[in-house]
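Colleague: I have a chain on my screen and some terms I would like explained. Could you walk me through them?

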Amino acid sequence: MSEPIFLVTGAHGFIGAWVVKKLLAQGQRVVIFDQSADPQRLRLIMDDDEIARATFVAGDICDEATVTGLVNTHNITNIIHLAGVQVPVCRANPRLGAMINVVGTINIFEAARQSNGQVRRIAYASSAAVFGEAEEGHAAKEDEAGKMATHYGAFKQCNEANARVYFLDHGIHSVGLRPLTVYGVGRDFGLTSGPTKAMKAAVVGRPYHIGFGGKTDFLYAGDCAEGFIRAATVELAGAHAFNIAGETEAVADVITEIEKLIPAAKGTLTCAPTPIPMPSKLDDTAIRAALQLPPATSLAQGVRETVERFQLLHREGRLDVKDLDS
């Protein structure tokens, strides 16, 4: 079997950047695909020499010919599909959200179908947004999806269903992952980006209000990236959708962890009382058995690593804080 060649779509996004970082650290061949030519999130966690080891292709995930041509031209064997738009964009423009999140995903599966077996498997981003609200403390299981509260969640569940049909009709193996609150350097947009923005705000000495509260599942970016890489390489037949979880903690506990590291931030960081309309806890038994994931990074360690990286970027004059104003 030939050496794998990975395609990472949405590679200039938050999770995409972390996936690229880990793949390159493993010595893998990587083609990164994004509509934006700006590698600013990659540069937050890698140097230019590292980034240059990947091949960059600019393009629109909604253009089927471009996606299919990309897979064929670069002899792609494994796809990690992360291109998409999040809850705020889908709410403001459902048509655009459907085109990018649903049609874009169809284009990935079509490219795999037309590759005549060259593409071995696909890992793609689903979301805990496929769930509705749940009772406090209940760990949502994979088969409890439904009653979602956003277009974004509806689009993600549609993708899971389409992935199943592509396996039934064409034998395409895939794994969709459902993270909830992913945090770390580079998380600057989206419904659950507030905790990461609070870490950045503390580093630069600014107050910040996180727009939700209660408990949620906090998944460190590095753990999330590891999950996608394993999902794209595991010898697992069929079409699967797994919860991927970290630690379920109160949003207020994140603030406490930040204050331990930056005492001057005490009293400047707050959170709303209302939780996000999703389960606060995810049952990740299935994915840990299927993918043999290592233990999740603790919230304390993840916050520490994020704050320390933000502090380094701040000292170097490379910490962009425009997202704190949005």
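Colleague: How many bridges join β8 to strand β10, and do they run parallel or antiparallel?

Modeller: Happy to help; bear in mind that this is a predicted model. Three bridges join β8 to β10 (residues 215-220), and the two strands run parallel. Within that pairing, T181 has F218 in β10 as its bridge partner.

Colleague: What makes β8 and β10 count as paired strands?

Modeller: Pairing needs at least two bridges. There are three between β8 and β10, so they count as paired.

Colleague: Why are β8 and β12 called edge strands?

Modeller: The open sheet has three strands in the order β8-β10-β12, with mixed pairing. β8 (181-183) and β12 (247-250) each pair on one side only, which makes them the edges. On average, neighbouring strands of this sheet are turned by 45 degrees against each other, direction ignored.

Colleague: Now the helices. Why are α1 and α9 called roughly perpendicular?

Modeller: Helix α1 (residues 14-25) and helix α9 (residues 221-233) pack at about 70 degrees, with their axes 8 Å apart. Angles of 65 to 115 degrees count as roughly perpendicular, so α1 and α9 earn that description. Their crossing is right-handed.

Colleague: Which residues of α1 and α9 meet?

Modeller: From α1 they are F14, I15, W18, V19, K22 and L23; they meet A221, G222, C224, A225, E226, F228 and I229 in α9. The residues of this contact divide into ten nonpolar, one polar and two charged.

Colleague: What makes one of them polar?

Modeller: Gly counts as polar, so G222 in α9 is the polar one.

Key:
Residues are numbered from 1 along each chain as its sequence is written. This is a predicted model: local features need pLDDT of at least 70, side-chain atom pairs count only at pLDDT 80 or more; totals for chains, interfaces and linings use all residues. Side-chain values use heavy atoms; hydrogens and water are left out. Axes are lines fitted to C-alpha atoms, for helices over the stretch in contact, and angles run from 0 to 180 degrees between N-to-C directions. Helices (H or I, at least four residues) and strands (E, at least two) are DSSP runs, numbered from the N terminus. Angles under 35 degrees count as roughly parallel, over 145 as roughly antiparallel, 65 to 115 as roughly perpendicular and the rest as oblique. A crossing is left-handed if the near helix is turned anticlockwise from the far one by less than a right angle, and right-handed if clockwise. Contact means heavy atoms within 4.5 Å.
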